Amino acid sequence: MTTSRSSCWRRQRIGRTPVGERLVPQGRVSAVAVVVPANDEEALMPRCLTALDHAVDALRRAEPSVRVEVVVALDACTDGTADVARRHGAHVTTVEARCVGAARASGAAAAHALLGVGTGRPTSQVWLACTDADSTVPRNWLTEHVTAAARGADLVLGQARPDPRDLDEATYREWSRLHPSTHPTRHVHGANLGVRWSAFEAAGGFPPVPEHEDVLLVEAVVAAGANVAAGPTILTSGRLRGRVAGGFSGYLRDLGARLA
């Protein structure tokens, strides 16, 4: 379905942290939850979860004491996305909202219960990493997040680069010109962010909105005085018809139209 919701992406510059009380750096984490919202992503989900398998394996080798769980939030799926998720050993939760904000929130709630966040495990020791079903993360994705957390980061933002195989050469070249890799934290991508659970909770979590839930969360976390770090770049689909009217696919579509 090319007109239903997708991951919500919006270019958003993150300004200087407001003056005031800053979040206190909490240090190392003992558990990581990866949340992946999905609406009929049977075709792209295998690539996403295979990449996550490698990232989870790398983290477990580097930090054997850190528990890692992957949660796929199925949002009004009618295809075989659930079967793909289960074959990869991911935990599955379902929501019938056709709303990426609600799907991310549902996945976070499932992870909260799964990891015993706030009961057997302090919120400051849990890291929430988010990506999307049409994206692939590098092998060092989670290890870099955990390392940043150990150094005091509350929020990790990374660039999401469209797959050049999905775009014409001119559009990809223009996107690269407008998004230099030297400024990875200037833009917010729901497919490439991580946040300490204490900061996530203090910010109110993901709002149940159909677009820009990632930007709203990051704005709230930054306003609370988060320590922000840059994370690795991921690869995402360069499709021009996503699951929402706007989002990343809409941005790429408009970019191509302007060039044309």
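Where in the chain is the place of R98? Some notes on that and the rest of the model follow.

1. **R98 and A76, the odd backbone angles.** Keep in mind throughout that this is a predicted model. R98 belongs to the loop between β4 (91–95) and α3 (100–115). Its phi is positive, about 50°, although R98 is not a glycine. A76 is a similar story: its phi is near 55°, again a positive value in a residue other than glycine. That one is found in the loop between β3 and α2. I'd look at both, because most residues other than glycine have a negative phi. As for cover, R98 is partly exposed, with a relative accessible area of 36%, while A76 is buried at 7%.

2. **Overall make-up.** The protein has eight helices and twelve strands. Of its 260 residues, 55% are buried. Take the contacts with a separation of 6 or more: 81% of them are between residues 24 or more positions apart. About 10900 Å² is exposed, and carbon and sulfur atoms supply 50% of that area.

3. **The largest nonpolar core.** This one has 37 residues, and those with the most contacts inside it are V32, V34, M45, L52, V72 and L142. At least two residues each come from β2 (31–38), α1 (45–62), β3 (67–75), α2 (81–87), β5 (126–130) and α4. The top contributor is α1, with eight residues. As background, nonpolar side chains tend to be buried together in soluble globular proteins.

4. **V32 up close.** If you want one residue to click on in that core, try V32. Beyond its neighbours within four places in sequence, V32 touches L59, V66, R67, V68, E69, L115, W127, L142 and V146. One of these, L142, is also listed with V32 among the residues with the most contacts inside the largest core.

5. **A second core.** Apart from the largest core there is another, of 26 residues, including A31, V35, F200 and F206. Two of the names in that list, F200 and F206, come back in the next point, where they join W197 in one aromatic cluster.

6. **Aromatics.** Searching the whole structure turns up two aromatic pairs. In one of them, the ring centres of W197 and F200 are 5.4 Å apart and the planes are at 70°, so this pair is edge-to-face. W197 and F200 sit three residues apart in helix α6 (residues 197–202), about one turn of the helix, and both are buried. Adding F206 to W197 and F200 gives one aromatic cluster. There is a charge here too: the charged end of R104 sits over the F206 ring, 5.9 Å from its centre. With the cut-off for that call at 6 Å, I'd treat the R104–F206 placement as one to check by eye.

7. **Salt bridges, the long-range one.** The count comes to eleven salt bridges. One of them joins R196 and D154, whose closest N and O atoms are 3.6 Å apart. This pair links distant parts of the chain: R196 is in strand β10 (residues 193–196), D154 is in the loop between α4 (141–150) and β7 (155–157), and 42 residues separate them. Are the two partners buried or exposed? R196 has 0% relative accessibility and counts as buried, and D154 is buried as well, at 1%.

8. **Salt bridges, the small network.** R47, D163 and R165 are linked in a network of salt bridges. Within it, D163 and R165 have their closest N and O atoms 2.7 Å apart. The burial of the two partners is split: D163 is buried at 3% relative accessibility, whereas R165 is exposed, with a relative accessible area of 65%.

9. **Salt bridges, the one along a helix.** E169 and R173 meet through their side chains in a salt bridge, 3.4 Å from N to O. Why are they about one helical turn apart? Because E169 and R173 are four residues apart in helix α5 (residues 169–178). On the E169 side the bridge has an exposed partner, with a relative accessible area of 63%.

10. **Helix α7 and what follows.** In α7 (residues 213–223), the buried residues include E213, D214, V215, L217, V218, V221 and V222. Two acidic residues, E213 and D214, are thus on the buried list along with the valines and the leucine. After α7 comes G225, with a positive phi near 100°.

Conventions:
Residues are numbered from 1 along each chain as its sequence is written. This is a predicted model: local features need pLDDT of at least 70, side-chain atom pairs count only at pLDDT 80 or more; totals for chains, interfaces and linings use all residues. Side-chain values use heavy atoms; hydrogens and water are left out. A salt bridge is a side-chain nitrogen of Lys or Arg within 4 Å of a carboxyl oxygen of Asp or Glu. Buried means under 20% relative accessible area, exposed over 50%, partly exposed in between (1.4 Å probe, protein chains only). Contact means heavy atoms within 4.5 Å. Accessible areas come from the Shrake-Rupley method with a 1.4 Å probe; for residues, only the protein chains shown count as cover. A nonpolar core is a set of buried Ala, Val, Leu, Ile, Met, Phe, Trp, Tyr and Cys residues joined through side-chain atoms within 4.5 Å. Rings of Phe, Tyr and Trp (its six-membered ring) pair if their centres lie within 6.5 Å; planes under 30 degrees apart count as stacked, over 60 as edge-to-face and the rest as tilted. A charge sits over a ring if NZ of Lys or CZ of Arg is within 6 Å of the ring centre and within 35 degrees of the ring normal.
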